Each structure stands twice: as structure tokens, then as C-alpha cells.
Amino acid sequence: MTTNLSVDEKKDVYGVIGKNPLRHDGTDKVTGRAQYGADIRLPGMLYGAMLRSPHAHARILSIDTSKAEAYSGVRAVVTAKDLPDVESKIAELGEGTINLLHQSNNVMAKDKVLYFGHAIAGVAAINAHVAEEAAALIKVEYEVLPPVLDVRKAMQHDSPILLDGMRTDELGKKGDYPSNIAAHYQAQVGDVEKGFQDAAVIVEREFFTSMVHQGYIEPQNATAQHNPDGQITIWCSTQGAFGVREQVAEILQIPISKIRVIPMEIGGGFGGKIGVYLEPVVVLLSRKSGHRPVKMTMSRSDVLAATGPTSGSYVKVKMGADANGMIAAAQAMLAYEAGAYPGSPVGAGMGVIFAPYRIENALIDGYDVLVNKPRTAAYRAPGGTNAAFACESVIDELSEKLGMDPFDFRLLNGAKEGDRRVDGPVYDRIGFLETLEAAKNSPHYRAQLEGPNRGRGVAGGFWFNYGGKSSASVSVNSDGTVSLLTGSVDIGGTRTSVAMQLAEGLGIPAESIRPVVADTDSVGYTEGTYGSRTTFATGWAVYEVGKQLKEKLLERAATIWETELDQIRFEHGIFLFDDKQMTFAELASRLDETGGPVVASAAVRPEQSGPAFAAHIVDVEVDPETGKVQILRYTAVQDAGKAIYPDYVESQMQGGVAQGVGWALNEEYLYDDQGRLVNSSLLDYRMPVALDLPMIDTILVEVPNPGHPYGVRGVGEVPIIPPPAALVNAIYRAMGVRMNILPATPARVVAELNKQKG
Amino acid sequence: MPIVWIPSLLRDLTNGQKSLSIKGDTVRQVIENLEREYPGIKERLCDGDHMRPSISIVVDGHTSTLKLRHRLHESSEVHFVISISGGKS
């Protein structure tokens, strides 16, 4: 069930926005005609395979590829020696940055392997079986080193060091000794010690979360054609074609003008398909094999072992409130696993942890820590879920100690327009209080929950959202349709949510827009589909291009009616002059007689992305014998800004909840004491399936973002933030035990129940 | 004058001051003027001619895309916050 609670004064003026048209790519997707990376077949194509490390931490003493090269059917073998030497320097890449040396070493290990599954060599052969057999013939001599797998152990002085030159960075000040702590960050406001002195109630707890994977359906894949003239074409599954082009150019030291990236349809990404893994390797293999195209596809085991999951973490939170329930002070320490190279999302975790609340005294420390696990990648609101799990659990305990309803406590302390975040900036118009009110007044929260071993939990959540760079190009067709090119890969239905914003501006149906996801040679620079940015930023580019188109078409109408431009009006897709009128389609059919084609393009980089807030409610029943947690009912409430395509917003919310439930109850990377991943299949890495979840109800609260022409806020990320906290709070209400370790597996729940029994 | 909020890890350079009124028409000028009064702070915020990648400039509540070139007005509020990008080094 979806409920829509709008505070948008313009909600009734839209003709297209807010409706649910048929999605443009629907038929291709449901009939299997959509082309994914693994569908690529090219004449003379070779197939690739990777050799990966069986060790979590080892020095590479030698690599002998001679037997593989001599194996029948093999056309090329590459190792890190085929990668150009790059400096340890930072390259700007859209939303973030990469250290070129780390990125290169992650593509193929040079001196050391730093995690189980670390790529070492690539092979291209006449088929995938031959390639795999040849890869197994590559002889690597290792000096095996002790691995470090626990974030707190990795922070100790006597821990094995992953990167010899690593010193802790504190805003440009380097530490004096080698350390796995790549960086220490801090945010501070007010006087936290005095704040705790003023508190009537204080709760201090530790929390642990495991490394988890995005779990996208489609494994990574890439095909490359390196031509003799140096021109390169790459077909791949990526969230951002321009980002792939930049990374491959930097890693291989090739000008970007030599590289064309064609993004294929994508079977999910959730942040995990921003960084490159296979793309530079298949380019090298194509060049070395005599310029034949080479395709490589990961297995599910490769995906789990060697692509970027998100950080496991240790978070300690202390919060105090006065007798009236006002938060007096808050303190947190967050230590996030970065995996093999620096770059965990601990900064984002620090930004998220207290963001929903108005707190005058706070101190947050964050640590980015290397461990012998895969280099972490973004995962839907990266870093936020770990942080909110800790804070929202402590909030629940505080409200209980104060005898307050958990939503009333949050409403009393919730942030609103004009309040200052702990890290400094002041909020514009936000909708957290409206979201909390909607949750508190929802049919779910008003209903009684009865029965033994049952409990109800709630939690809130915040996510920044992001703007970024987007471009769009359009041309008017003579049949009244408009072709729309964007560089935004369509993951969650953004072809349609973007096309609807163009259709709204032109006063024509969404079905009259023909949206195409273009390659890097066909449209202006566009950042990837991440950061909940595509409907917001690419939608804005499309809004701008629509305005240009309208101006050009008004001129054409003036030409047809042989009058001045200022005499022409445009209303709801109709051009008007005196008592004459012409539809958009009628004018489109007369472009030839008024000057020829009409095209337009626009590029934007908006800054006011508008934060998103959520409040979730969940009812559970816990089996006291087995510890299994059954979800009985779930409601997700969210400030969605203006919901362009409400069905998509709902599905984003439901998808975020499903992933958050997996993170909370089942999913975790399991390593043996040598750092070998022991659950690298979906049989053993337990993601939720349909039977694990009830229908997830949604309530859309529409508080328009003042920083967007249609009021759009990103919606895709914040729904993964509250579920773990909401679930452990529900388990507490059901059984009286507070789970501070994720996932709260049946075994861990039983262990806590046994401890409770004494 | 624009108000600049000093990151807590750099407050040892500003005698513990949390925020300062500093002249400057752009973020770059503000940092240059900060450096004159509090030597060493520019090197902690910038890497050569760029902001350190781990720091985002937030002006009047919004993350700046123009960064050091961002133009300020008399009542601007400048924050140096931790970048939110995740999973990339």
C-alpha cells in the first residue's frame, strides 16, 4: 500500500509529474531483448579469465606466465607489469577521487596481494574454459604474511601493516609511524563534556557491523576492442560510462579522447559499479592479442571475493538527554574497514550519525582503517547504515529510559529548517518532522501489536543526496515525439523519471519522449547514476533543455503565423496566437517549412540537492528457541521531495528496506583465520528472498526541495539507513535483549537470550 | 566579513577559535588571509592549488562546486567538512 502525503502547493498543476506512465524500457526488459554486457558477441572475440590470490596477505616474489602463454588456444596473458607505472597521486573523478597507484594495484596486484581474490593476471583465449585452464597454469611464488581482518586489531601499533608507506593523515598532518589507519577525521560543536554534565540520562554502547555486499544481480563484465590505431571501445556494466573512461585513461595513461565507453543495460549496482575492475585488463588483453575484442565476465564468487563491498565497522556512541527529553550531548567514535586501500565511507558515516537531530554539543571521531579484505566500494548511502544502527539504537534506549514514545523523543529533538548540523552547515527546508508525524500517525503505528515474543521498533534516517554534473541533448521529430539523449545509466527507472520532466515542460505525454542512454562520444559529460542524483540533476538538465526547446518552437510558431514572437503563447502543449492554435505535434510536423531541425542541449551542476529523511516502523516475532526473526509488518515513511514517478519512489523505498533487512539479519562476509572468504556464493551469503519479507508499505511525504525546479530530492539511498536499527529495536521490544552486532542472526539472538536467562 | 568555521583538528592553529571573521571575496582569498593570521593552516586545507580531496567546501549550507573560486558575500558562512564520497580512495 502506498500513501502520498503532499505539502507541495503545486501538486495539482502538473500534467505528467506525479503520474505513473508505462516505463520506456519495460517491453525490452520483460521480453529479454534488453542487451546486457554479457550479451555482447563480436567477430573474432576472445574470452578472458583472471588469476586471483589464494592468500589474504602476501608478498609476490615472482610470476611465471610461460606455461599459460604456451597453452593451446591462449592469445594473451597480462600482469601488473603490463600496467604503466603510475604515481601515488589523487585524480578527481566526478563525485570523488581515486589514488591512481591504489586503483592500478587493485586492478592487478604488483608487489603484494592484500586480500583473498586480489587479481594477479589476466588471460585471453579462444573460449572461457581455455582461459580458465591457462590462468591456473600461471605460477606465482608468494611470501605469505599474517593477515589482519578485524578493524580494531588493525588499528593497534603491533598489527601487520598492509601498505608500508602508510601514515595516518589528520587533515594534512601525517603520523610519525606506519599504521593501517589511513585517516583520522573529527567533527565537533559546542562543549560535549559540559553537555553530559547537564544530562539526566546517559546511554553509552558499542556496535559492530560486518562487511556486506551490494548483491546486485548482474556480475561485473567488460568487453574491449583495442584498434591498431589506438582507438578503444569498451562495453560494460557500469553506473557511469564517463567514470569508466576516466579511470581507464588514468590507469593505462591513455588520453580520454582515445576511449569510447558504451554502457550496457545494468542489472543493479547500488554503488558497486562505479570503480573499474575488468575494464583496464580487457583493454590490455585486446591490445596484446593482436587487437581482437576480449570479453570477461565475473563469476558470483569473483564478485563477492574481489569487488568492493561496504565496510564492516566498530561504532561507539554516547548520548545524554535532560529530564525533559532534550538531547544534551552526543559523542561517537566510528572505525570503518576500508579494505585493502584507503577510502572507506567513514566521513559519510560521521555526517549521518547525528544529522537528524538538533544537538548543540557533539564530538565525532572517524577512522579509515585498512584490513586484508576487498577494497570497499560505495553501497547505497555509503557509511550511513552502520552509523544510524548505532545512533538510532541509543536513541531508542534513551527514549525508553525517559519513558517517552520513541517518535515523540525524535519529534522533540528532530532537525528542521534553520537548524545546524553537527558538522556545521545549516539546513534549508527539510521534511524530517513531517516524516516523523506521518509515521506516528500511520495506520501501522496506531494499530496494536499483540501476541507473545512480538515487538515493534522504529528508527529514523538521513542522507545528504548529491547533485553532480549532468548533460542532455534533444531533437524534435516530425511525428511530434522528442528524442532525448542523456549519459545517465538507467538503474531504477530513470529513463522515465527524467523523460517525464521534459514532457512536463513541453506539455506532451511522457510516451512522446524517446529517452536513450548514450555513450561517452554521444552526449555531454554526465556523472554516474549514484548519490540519488539522476532524477534530480539529469532531470534538471532536461528541464533546462526543455526551456530552450520551447523558446525555439515559439519562434517557429511565430514564423508560421507570420507574427512577432511576443504574440505567441504556450499553454499545456498548445501554441496560441489570437484565435489560432497548434499542438506540439502539429508544429513538429512543420519544422521543415520554418527553418529545419530543432535541437537543444544543456549541462548543469546543481548544488542544492536537498537532504532526504526517513522513518521506519517494523513489527517482528522472535522464535525463542531458534532465534529466528520473522518480520510481520513493515512501513517505510520518507520525505521524497516531489515524487516525479511515485511507483518508482515506492520501489526504491522497498528495495532499500529489503537490503537493510539483509544487512540487519543475515548478511555478512565470513573469513577463516587466514583471511579466506568462506561464503562466496549466494547459497552461503544469505540475502533476503521474497519469503523473508512481508509487503513493505510506503508513505511518501512530499516536502519539495527548494533547490530544484520541480522540488525533486533524491530518494534511492535513505531507505537503507533505518532498517537495522528499527529491527534491533523491535527485537528488544519483543524479547528484552539489545542486539549490538550485525547481522542479528538466529545464533546471535539465541546467544543473547541465553545470556539473559543467565 | 564572511565567517569561517575552523575544523576541530585545525583549531590548535587558531588558538582554539572555532569560527573567525575573515576578509575575502572568494574562498581562496579567505584561506590566504587565514594563512596570514594563522600560519600553517593553508597547507592543512589545501594540497597545492586544490582543496584536499577529503575536504568539501560548504558555503551557506551548500557544497560548493566552484570550491576555491566560490565567490562570497559579507554574510557568507564557510565550512570545511569531510567529503561524503564513499568507497574510493
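I take axes as lines fitted to C-alpha atoms, for helices over the stretch in contact. The model I am reading is predicted.

**Entry 1: helices 3 and 7 of chain A**

I looked up how helix 3 (residues 100-107) of chain A sits on helix 7 (residues 241-252) of chain A. Their axes lie 10 Å apart, and the packing angle is about 90 degrees. Angles of 65 to 115 degrees count as roughly perpendicular, so I note helix 3 and helix 7 of chain A as roughly perpendicular to each other. From helix 3 of chain A, I listed Leu100(A), Gln103(A), Ser104(A) and Val107(A) in the contact. Helix 7 of chain A brings Gln247(A), Glu250(A) and Ile251(A). By type, I find 3 nonpolar, 3 polar and 1 charged in this contact. A general point helps me read such lists: an α-helix has 3.6 residues a turn, so residues three or four places apart point the same way.

**Entry 2: helices 15 and 16 of chain A**

Next I took helix 15 (residues 494-506) of chain A and helix 16 (residues 534-560) of chain A. Their axes come within 8 Å and cross at roughly 30 degrees. Angles under 35 degrees count as roughly parallel, so helix 15 and helix 16 of chain A go down as roughly parallel to each other. The crossing of helix 15 past helix 16 of chain A is right-handed.

Which residues of helix 15 of chain A meet helix 16 of chain A? I noted Thr494(A), Ser497(A), Val498(A), Gln501(A), Leu502(A), Gly505(A) and Leu506(A). Among their partners in helix 16 of chain A are Thr538(A), Gly539(A), Val542(A), Tyr543(A) and Gly546(A). The residues of this contact divide into 6 nonpolar, 9 polar and 2 charged.

I also checked the length of helix 16 of chain A. Its 27 residues reach 37 Å from first C-alpha to last, close to the expected 39 Å. After helix 16 of chain A comes Glu562(A), with a positive phi near 50 degrees.

**Entry 3: backbone in the loops of chain A**

I keep one general rule at hand: most residues other than glycine have a negative phi, and most peptide bonds are trans. Phe270(A) is not a glycine, yet its phi is positive, about 55 degrees. I found Phe270(A) in the loop between strand 16 (259-263) and helix 8 (279-288) of chain A.

Where does Pro743(A) lie? I placed Pro743(A) in the loop between helix 19 (723-735) and helix 20 (746-757) of chain A. The peptide bond from Leu742(A) to Pro743(A) is cis, with omega about 0 degrees. Helix 20 of chain A has 12 residues, which should span 16 Å, and its end C-alpha atoms are indeed 16 Å apart. Gly758(A), just after helix 20 of chain A, takes a positive phi of about 85 degrees.

**Entry 4: chain B and its contact with chain A**

I counted 2 helices and 7 strands in chain B. Along the sequence, the order is β-β-α-α-β-β-β-β-β. Chain B has 89 residues and a radius of gyration of 12 Å, which agrees with the value near 12 Å for a compact globule. The box around its C-alpha atoms is roughly 35 × 25 × 20 Å along the principal axes.

How many residues does each chain put into the contact? I find 26 from chain B and 42 from chain A. On the chain B side, helix 2 (41-45), strand 6 (62-63) and strand 7 (77-82) each supply at least two residues. Strand 7 of chain B gives the most, with 3 residues. That side of chain B divides into 9 nonpolar, 13 polar and 4 charged.

Notes
Residues are numbered from 1 along each chain as its sequence is written. Chains are lettered from A and ligands numbered from 1 in the order in which they are written. This is a predicted model: local features need pLDDT of at least 70, side-chain atom pairs count only at pLDDT 80 or more; totals for chains, interfaces and linings use all residues. Axes are lines fitted to C-alpha atoms, for helices over the stretch in contact, and angles run from 0 to 180 degrees between N-to-C directions. Helices (H or I, at least four residues) and strands (E, at least two) are DSSP runs, numbered from the N terminus. Angles under 35 degrees count as roughly parallel, over 145 as roughly antiparallel, 65 to 115 as roughly perpendicular and the rest as oblique. A crossing is left-handed if the near helix is turned anticlockwise from the far one by less than a right angle, and right-handed if clockwise. Two residues are in contact if their C-beta atoms, placed from the backbone, lie within 7 Å. Ala, Val, Leu, Ile, Met, Phe, Trp, Tyr, Cys and Pro count as nonpolar, Asp, Glu, Lys and Arg as charged, and the others, Gly among them, as polar. The expected span of a helix is 1.5 Å times one less than its number of residues. The radius of gyration is taken over C-alpha atoms; the globule rule is 2.2 Å times the number of residues to the power 0.38.
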